[in-house]
Amino acid sequence: MARIRTIKPELWEDEKISEIPIPARLLFIGTWNFADDFGVITDSVKWIKAKIFPYDSLREHDIKLWLESLVQNRMLIHFDLKDKGYYYIRRFTEHQILDKRYTRSILPDTESVEKVLAELDLYKNTTTLHSEHIVKTPEEKEKEKEKEKEKEKEIIFPFLSDEFKKVWEKWISYRKDEFKKSYKKRSTEQAALENLSKLSGGIENIAVEIINESIANQWQGLFELKKNHNGTKISNGQLKNSKSAGAYELLAELKKDIGINT
């Protein structure tokens with residue numbers, strides 16, 4: 001089903017194409033000749049090699065790597081249909097002149113090719129350059145939405161000192177090294193920080209001590225301090241009266257300045 005295909009001058013100016021190894025670029029152009037009229041080509045390294053590089057002593061392994069680079073750079077999309085693999089050439093129909101009276105497909109049900117591609121969110125009919133408005137699968141779109149939501153949420157630290165941030169980074173590294181755990185989302189890390197703030201009564205020194213105690217005892221989580229350095233139990237009153245309770249001292253100073261008796 002080889003066809004004469006068009007190569008537009010814009011192809012050579014496309015920065016996305018320039019990121020692909022030169023042999024992979026030739027392979028990419030070769031797929032156009034042997035793809036059907038919907039831009040679909042079978043996923044068979046042996047077949048692709050026989051069609052595009054029939055007289056070259058190339059390893060199938062190398063061709064497979066080039067195909068993978070085309071997929072990684074969003075030039076091809078791989079999909080499966082009825083237990084068989086295919087590649088879809090992105091926006092193929094935008095750049096090729098096709099006679100719709102004779103369009104043929106290698107997919108099993110030729111009458112529903114466009115429907116199949118539409119369901120996979122692969123079939124688009126716009127006029128853009130090769131790397132503009134890249135078509136994404138539903139799963140990729142959903143992941144991008146999640147990433148955008150995460151980017152919108154900045155981590156808000158309960159304590160702004162550099163010392164606390166360094167201790168927090170130490171805690172993150174400790175969990176990753178010891179338990180292979182990490183805060184996969186900003187929201188979960190933010191929740192952990194808010195929990196630490198509650199456990200420490202809003203006192204930075206105690207928050208630091210909570211982290212250090214968990215690391216020293218090889219705990220996976222953060223817990224409220226039960227004892228102070230001399231081994232006696234810490235009460236809420238002691239927390240408020242502690243010399244480390246900077247927040248309470250600041251509040252007392254503010255009340256004094258505005259003339260409120262404590």
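A contact here means heavy atoms within 4.5 Å. The model is predicted.

**Exercise 1. Overall composition**

Task: State how many helices and strands the protein has, what share of its residues is buried, and what share of the contacts with a separation of 6 or more joins residues 24 or more positions apart.

Solution:
1. The protein has 13 helices and three strands.
2. Of its 262 residues, 35% are buried.
3. Among contacts with a separation of 6 or more, 64% are between residues 24 or more positions apart.
4. The exposed area of the protein is about 17,100 Å², with 51% of it supplied by carbon and sulfur atoms.

**Exercise 2. The sheet**

Task: Give the strand order of the sheet and the sense of its pairing, then determine which strands stand at the edges.

Solution:
1. The three strands form an open sheet with the order β1-β3-β2, and the pairing is antiparallel.
2. β1 (40-42) and β2 each have a single partner strand, so they stand at the edges and one side of each lacks a neighbour in the sheet.
3. Direction ignored, neighbouring strands of this sheet are turned by 35 degrees against each other on average.
4. As background, strands of a sheet pair through backbone hydrogen bonds, in either the parallel or the antiparallel sense.

**Exercise 3. Register of the strands**

Task: For each pairing that involves β3, give the number of bridges and identify residues that stand opposite one another.

Solution:
1. Take β2 with β3 (residues 84-89): the two pair antiparallel over six bridges.
2. In this pairing I77 stands opposite Y88 of β3, and F79 stands opposite Y86 of β3.
3. Take β1 with β3: the antiparallel pairing runs over three bridges.
4. Here the bridge partner of I41 is Y87 in β3, while T42 stands opposite Y86 in β3.
5. Y86 of β3 therefore appears opposite T42 and also opposite F79, in keeping with the strand order β1-β3-β2, because β1 and β2 are the edge strands.
6. Five of the six residues of β3 are buried, so the rest of the structure largely encloses this strand.

**Exercise 4. Positive phi values**

Task: Which phi values do K82, K180 and Q218 take, and where does each residue lie?

Solution:
1. Most residues other than glycine have a negative phi.
2. K82 has a positive phi near 50 degrees and belongs to the hairpin of β2 and β3, which has two residues between the strands.
3. K180 has a positive phi of about 60 degrees and is not a glycine. K180 lies in the loop between α9 and α10 (186-199).
4. Q218, also a residue other than glycine, has a positive phi near 60 degrees. Q218 lies in the loop between α11 (204-216) and α12 (236-241).
5. The cut-off for exposed is over 50% relative accessible area. K180, at 71%, is therefore exposed, and Q218, at 56%, is exposed as well.

**Exercise 5. Packing of α3 and α4**

Task: Classify the packing of helix α3 against helix α4 from the angle between them, and describe the residues in contact.

Solution:
1. Helix α3 (residues 22-34) packs against helix α4 (residues 45-52) at an angle of about 90 degrees, and the axes are 10 Å apart.
2. Angles of 65 to 115 degrees count as roughly perpendicular, so α3 is roughly perpendicular to α4.
3. α3 contributes L27, G30, T31 and F34 to the contact, and α4 contributes W47, I48, K51 and I52.
4. Sorted by class, the contact of α3 with α4 has five nonpolar, two polar and one charged residues.

**Exercise 6. Two loop residues**

Task: Are N73 and F159 buried or exposed, and which residues beyond four places away in sequence do they touch?

Solution:
1. N73 is in the loop between α5 (60-72) and β2 (76-81). F159 is in the loop between α8 (138-152) and α9 (162-179).
2. Buried requires under 20% relative accessible area. N73 has 14% and is therefore buried; F159 has 7% and is buried too.
3. Leaving out residues up to four places away in sequence, N73 touches K16, E19 and I20.
4. With the same exclusion, F159 touches F164, S200, G202, I203, E204 and A207.
5. F159 and G202 are 43 residues apart in sequence, and their C-alpha atoms are 8.4 Å apart in space.

Conventions. Residues are numbered from 1 along each chain as its sequence is written. This is a predicted model: local features need pLDDT of at least 70, side-chain atom pairs count only at pLDDT 80 or more; totals for chains, interfaces and linings use all residues. Side-chain values use heavy atoms; hydrogens and water are left out. Helices (H or I, at least four residues) and strands (E, at least two) are DSSP runs, numbered from the N terminus. Buried means under 20% relative accessible area, exposed over 50%, partly exposed in between (1.4 Å probe, protein chains only). Accessible areas come from the Shrake-Rupley method with a 1.4 Å probe; for residues, only the protein chains shown count as cover. Two strands pair if DSSP finds at least two bridges between them. Axes are lines fitted to C-alpha atoms, for helices over the stretch in contact, and angles run from 0 to 180 degrees between N-to-C directions. Angles under 35 degrees count as roughly parallel, over 145 as roughly antiparallel, 65 to 115 as roughly perpendicular and the rest as oblique. Ala, Val, Leu, Ile, Met, Phe, Trp, Tyr, Cys and Pro count as nonpolar, Asp, Glu, Lys and Arg as charged, and the others, Gly among them, as polar.
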